[in-house]
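Reader: I should like to learn how a model of this kind is to be read, feature by feature. Where should one begin?

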Amino acid sequence: MPTQSIVQWVLRIGVFGIFAGHGWYVFNLRPQWFAYLHTVGINPPYDTLVMRCIGTMDLLIAAITLIKPVKQVLLLAACWAFLTALIRPVSGENWLEFIERAGNWACPLALYFLMRKKS
């Protein structure tokens with residue numbers, strides 16, 4: 001198997017893990033994540049619905065990326081992961097929380113560029 005294919009599969013699995021894990025947590029209403037929604041003005045009773053929608057979106061991104069990656073979905077994933085990492089310091093957490101999550105947006109972005117180069 002060519003190196004580029006191996007790298008693509010590693011990134012696909014990485015993006016799957018990131019988005020499936022976060023999607024499962026959000027869909028199941030992880031309590032500490034409500035604060036992030038409240039930071040951007042999404043409050044009860046809508047916060048629970050929004051969390052379930054976000055969880056569903058993350059799980060779909062995970063499945064699409066693992067089964068058959070789509071460049072536009074990867075760009076959405078990179079932007080979304082960047083914003084969700086950024087919400088942490090915006091909501092009062094340390095900036096290291098943002099830096100620690102660089103891989104969450106860098107993996108889908110790297111896969112996007114790898115796929116763009118191929119086509």
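**Confidence and fold**

Author: One begins with confidence, as this is a predicted model. The mean pLDDT of the protein chain is 95, and 98% of the residues score at least 70.

Reader: In which helix is confidence lowest, and in which is it highest?

Author: The lowest mean, 93, belongs to helix α6 (residues 102–118), while helix α3 (residues 46–67) has the highest, at 98.

Reader: How many helices and strands does the protein chain contain?

Author: Secondary structure is read as a count and then as an order. The protein chain has six helices and zero strands, giving the pattern α-α-α-α-α-α along the sequence. Its radius of gyration is 15 Å, close to the 14 Å of the globule rule for 119 residues, so the protein chain is as compact as a globular protein of that length. The C-alpha trace spans about 50 × 25 × 20 Å along its principal axes.

Reader: What share of the contacts joins residues far apart in sequence, 24 or more positions?

Author: One takes the contacts with a separation of 6 or more; in the protein chain, residues 24 or more positions apart account for 68% of them.

Reader: How should burial and surface be read?

Author: Burial is read as a fraction of residues, with buried meaning under 20% relative accessible area. Here 33% of the 119 residues are buried. The accessible surface of the protein chain is about 7100 Å², and carbon and sulfur atoms contribute 71% of that area.

Reader: How many positive and negative side chains are there, and how far apart do the centres of the two sets lie?

Author: The protein chain carries 10 positive and 5 negative side chains, with 18 Å between the centres of the two sets.

Note on methods: Residues numbered from 1 in each chain as written. Predicted model: local features only at pLDDT ≥ 70, side-chain atom pairs only at ≥ 80, totals over all residues. Heavy atoms only, no water. Helix = DSSP H or I, 4+ residues; strand = E, 2+ residues; numbered from the N terminus. Rg over C-alpha atoms; globule rule 2.2 N^0.38 Å. Buried < 20%, exposed > 50% of the residue type's maximum accessible area, 1.4 Å probe, protein only. Contact = heavy atoms within 4.5 Å. Areas by Shrake-Rupley, 256 points an atom, 1.4 Å probe, with all protein chains shown as cover. Lys, Arg positive; Asp, Glu negative; His and termini not counted. Charge placed at Lys NZ, Arg CZ, Asp CG, Glu CD. pLDDT = per-residue confidence, 0-100.
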